[in-house]
Amino acid sequence: MRYLVLSFSHKNTSLNLREKLSLSEDKADLLLKFILDSHIIKEVILLSTCNRLELFMMANDAYEAFQLCFSKLSTLSNTNKDELEGRANTFEGYSAIHHIFLVASSLESLVVGETQISGQLKKAYRYALHCNYCSNNGLGIVIDFAFKCASVVRNETGVSKKPISIASVAVSSTKDLTLGKKEAVVVGIGEIGELTIKHLLNLDFKVKLLNRNRQKALDFKNTLGNENLSVGDFDDLKNEINKIELLFSATSSEIPIITNDMIENTPFKRHFFDLAVPRDIEDLKDSSITITTIDDLQNVVDENINFRKDSLNRAYEIVGDEVNEF
């Protein structure tokens with residue numbers, strides 16, 4: 001039995017392709033059930049985030065397992081199988097375990113040291129366990145060791161000090177913008193949306209939250225208890241985007257929610273941050289609107305990596321030691 005990993009991430013896959021690989025829950029289940037029904041792959045965990053799609057597997061035949069995954073992913077994402085094979089990173093045995101440990105320790109994240117990946121991996125593992133896609137004695141052992149490794153990395157290095165996330169990087173970018181008012185609209189109340197709001201409030205922005213589930217937005221507002229946060233009507237999105245300078249969108253919509261036909265001329269410039277995959281914002285024709293996507297934040301991310309260089313070197317040593325122990 002071999003440990004295998006099939007990996008698409010910001011390191012090897014464009015935003016356009018990552019959007020196609022962002023599978024709905026139904027499609028994700030179709031993928032997992034299909035590859036397990038083949039009996040080539042014995043266990044599987046699917047980790048799907050805005051920056052990656054990873055399959056952690058145990059299988060008898062590595063080649064057949066990867067080919068099976070490529071074929072089904074090609075169908076579900078409507079993407080040429082050859083393109084997927086050309087983009088993906090594949091890992092077997094020792095290198096597969098090493099990669100999983102790096103991912104769990106946030107050393108493969110777009111923003112190195114961010115803390116979101118731990119929760120995302122735990123959620124993926126619990127779901128796979130609940131659906132009998134994996135077992136405690138199979139991939140469960142790998143994940144347990146991976147979390148142990150991540151804990152050692154956090155405790156013994158400075159990689160996760162001053163926690164940074166995509167949301168914090170995006171909000172910090174606003175310091176370089178010329179804004180008439182410190183006001184922003186945030187669309188979506190998922191994990192990234194919540195973090196974005198908290199970072200904006202910490203910088204004394206007035207924030208209006210728009211969410212399809214209005215009650216969920218109101219509950220979040222009441223939890224924070226901050227008078228600078230208000231809740232708007234999602235149906236009023238078109239009006240809101242034409243009267244605000246600064247917008248952050250991070251919904252789970254499979255199609256753009258902000259499109260060219262919604263845009264009106266304004267006497268001021270607008271800055272839209274699209275933190276969703278698939279993207280929330282269409283390629284807008286209005287030249288007075290600047291759209292920043294997750295991949296556009298790479299410069300800030302690179303600075304973060306350079307700042308943490310010594311900690312990173314130690315973190316990689318720890319991962320190597322933990323993989324050998326496993």
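## Legends to the overall and close-up views

**Figure 1. Overall view of the predicted model.** The protein exposes about 15,500 Å², of which carbon and sulfur atoms supply 45%. Its secondary structure comes to 13 helices and 10 strands. The radius of gyration is 21 Å, close to the 20 Å given by the globule rule for 326 residues, so the protein is as compact as a globular protein of that length. Along the principal axes, the C-alpha atoms fill a box of roughly 65 × 45 × 35 Å. Of the 326 residues, 55% are buried. Among contacts with a separation of 6 or more, 68% are between residues 24 or more positions apart.

**Figure 2. Surroundings of S7 in strand β1.** Strand β1 covers residues 2-9 and includes S7. The relative accessible area of S7 is 2%, and this residue is therefore classed as buried, the limit being under 20%. Beyond the residues up to four places away in sequence, S7 touches N12, L53, E54, A88, N89, F91 and H99. One of these, L53, lies 46 residues from S7 in sequence, yet the C-alpha atoms of S7 and L53 are 6.1 Å apart. Another of the residues touched by S7 is E54, and the side chains of S7 and E54 are joined by a polar contact of 3.0 Å.

**Figure 3. Salt bridge between E19 and R279.** A search of the whole structure finds 13 salt bridges, and E19 with R279 forms a salt bridge whose closest N and O atoms are 2.8 Å apart. The two residues belong to distant parts of the chain, 260 residues apart: E19 is in helix α1 (residues 15-20), and R279 is in the loop between β9 (270-274) and β10 (289-293). E19 has a relative accessible area of 17%; because this is under 20%, E19 counts as buried. Side chains of opposite charge can pair when their charged atoms come close.

**Figure 4. Salt bridge between R270 and D286.** The closest N and O atoms of this pair are 3.6 Å apart. R270 is in strand β9 and D286 is in the loop between β9 and β10, with their positions 16 residues apart in the chain, and the pair links distant parts of it. Both R270 and D286 are buried.

**Figure 5. Salt bridge between R314 and E317 in helix α13.** Helix α13 covers residues 309-325, and R314 and E317 are three residues apart within this helix, so about one helical turn separates them. Their closest N and O atoms are 3.3 Å apart. R314, with a relative accessible area of 31%, is partly exposed. E317 also counts as partly exposed, at 48% relative accessibility.

**Figure 6. Salt-bridge network of K148, E322 and E325.** Salt bridges link K148, E322 and E325 in a network. E322 is in helix α13. The relative accessibility of E322 is 8%, which is under 20%, so E322 counts as buried. Leaving aside residues up to four places away in sequence, E322 touches F101, K148, C149 and V152. K148 is thus both a contact of E322 and a member of the network.

Definitions and conventions: Residues numbered from 1 in each chain as written. Predicted model: local features only at pLDDT ≥ 70, side-chain atom pairs only at ≥ 80, totals over all residues. Heavy atoms only, no water. Helix = DSSP H or I, 4+ residues; strand = E, 2+ residues; numbered from the N terminus. Buried < 20%, exposed > 50% of the residue type's maximum accessible area, 1.4 Å probe, protein only. Contact = heavy atoms within 4.5 Å. Polar contact = N/O pair within 3.5 Å; in protein donor to acceptor, adjacent residues only side chain to side chain. Salt bridge = Lys/Arg side-chain N within 4 Å of Asp/Glu carboxyl O. Rg over C-alpha atoms; globule rule 2.2 N^0.38 Å. Areas by Shrake-Rupley, 256 points an atom, 1.4 Å probe, with all protein chains shown as cover.
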